[in-house]
Amino acid sequence: MAPVATPFFFYLFAAIMLVGGIMVITRKNPVHSALALIIALLAQASIYLMLYAPFVAGVQIILYAGGIMVLFLFVIMLVSIDRSIRERQFNSQRIAGLIAATALGGLFIAVYMKGTSVFPEHALSTIENDNTQQVATMLYGQSMFPFEIASLLLLVAIIGAVVMAKKRI
Amino acid sequence: MEPLLHITTTHYLVLGAALFLLGVIGVLTRRNVVIVLMSIELILNAVNLNLVAFSRMWGGLHGQIFAIFVITDAAAEAAVGLGILIAFFRNKETVNIDEVNLLKW
């Protein structure tokens, strides 16, 4: 089936993502930043849908917007933010940081101006149906070993987080 | 007008680069540790966007698998980072990253 109004939705979600990202790095209150980040992540899930990646979009919503951001909000509630809101928000290296980021942006622009010919104009034929099934076959077949390593990594992260956050073990 | 109306892989890559830059600016300039961690999430998301866009371009699924692994790493990173943040807050009563200077020479 041909996609409907792809440019319109691409620019809509791209604008939502960028505005959300800008709000994340400029808000004083971390709670506002977290909410803006959730909006940006949901817009990004929509962009995944436009790229025919429904499984990654679902993982993005459930795990990122649902799981990680709740963790963030809990921690923001645990630490007191009253003092940090009244403080200066940007550090003393902000000018140098902006210059470094601008240089990186210039590098990106140069790469994409020069590299456009490398990318094909149109998307090649991609697997558009059975996406979840294909991802599962690949995850449990070809990528079995990285998958197990990832579970080990999560175990280590859980233990590490508990050890560091707990007062007395 | 024509290159703007026809969405190609480059459009997604430019969007990812813009998001990456926003994350870098956040990491380099903010003083609040929570917002620095959120900026790192922005950077990881920009990478994920690139991976999925390339996956779409080549018609395979390797990029999507990689994106899922990156999301797993982001979850682990967020858990450990926030654990460190709680330990830091307990010791110093602040979330200001400039106060993390115990090892500074």
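**Exercise 1. The crossing of two helices**

Determine the hand in which α5(A) passes α2(B) in this predicted model, and state how the two helices are oriented.

*Solution.* Step 1: the crossing of α5(A) with α2(B) is right-handed.
Step 2: identify the partners, namely helix α5, residues 94-115 of chain A, and helix α2, residues 9-29 of chain B. Their axes lie 9 Å apart and enclose an angle of about 165°. Angles over 145 degrees count as roughly antiparallel, and α5(A) is therefore roughly antiparallel to α2(B).

**Exercise 2. The residues in contact**

State which residues of α5(A) meet α2(B), and how many residues of each class the contact has.

*Solution.* Step 1: α5(A) contributes Arg94(A), Gly97(A), Leu98(A), Ala100(A), Ala101(A), Leu104(A), Gly105(A), Phe108(A) and Tyr112(A).
Step 2: on the side of α2(B), the residues met include Leu13(B), Ala17(B), Leu21(B) and Leu28(B).
Step 3: sorted by class, the contact of α5(A) with α2(B) has 13 nonpolar, 4 polar and 1 charged residues.

**Exercise 3. The form of chain B**

Describe the secondary structure of chain B and set its radius of gyration against that of a compact globule.

*Solution.* Step 1: chain B has 4 helices and 0 strands, in the sequence order α-α-α-α.
Step 2: for a compact globule of 105 residues, a radius of gyration near 13 Å would apply, whereas chain B has 18 Å.
Step 3: along the principal axes, the C-alpha atoms of chain B fill a box of roughly 55 × 30 × 20 Å.

**Exercise 4. The domains of chain A**

Give the bounds of the domains of chain A and the distance between their C-alpha centres.

*Solution.* Step 1: domain 1 covers 1-101 and domain 2 covers 129-169.
Step 2: the C-alpha centres of domain 1 and domain 2 of chain A are 23 Å apart.

Key
Residues numbered from 1 in each chain as written. Chains lettered and ligands numbered in written order. Predicted model: local features only at pLDDT ≥ 70, side-chain atom pairs only at ≥ 80, totals over all residues. Domains from an automatic or database assignment. Axes fitted to C-alpha atoms, helices over the stretch in contact; angles between N-to-C directions. Parallel < 35°, antiparallel > 145°, perpendicular 65-115°, else oblique. Left-handed = near helix turned anticlockwise from the far one by under 90°. Contact = placed C-beta atoms within 7 Å. Nonpolar A, V, L, I, M, F, W, Y, C, P; charged D, E, K, R; others polar. Rg over C-alpha atoms; globule rule 2.2 N^0.38 Å.
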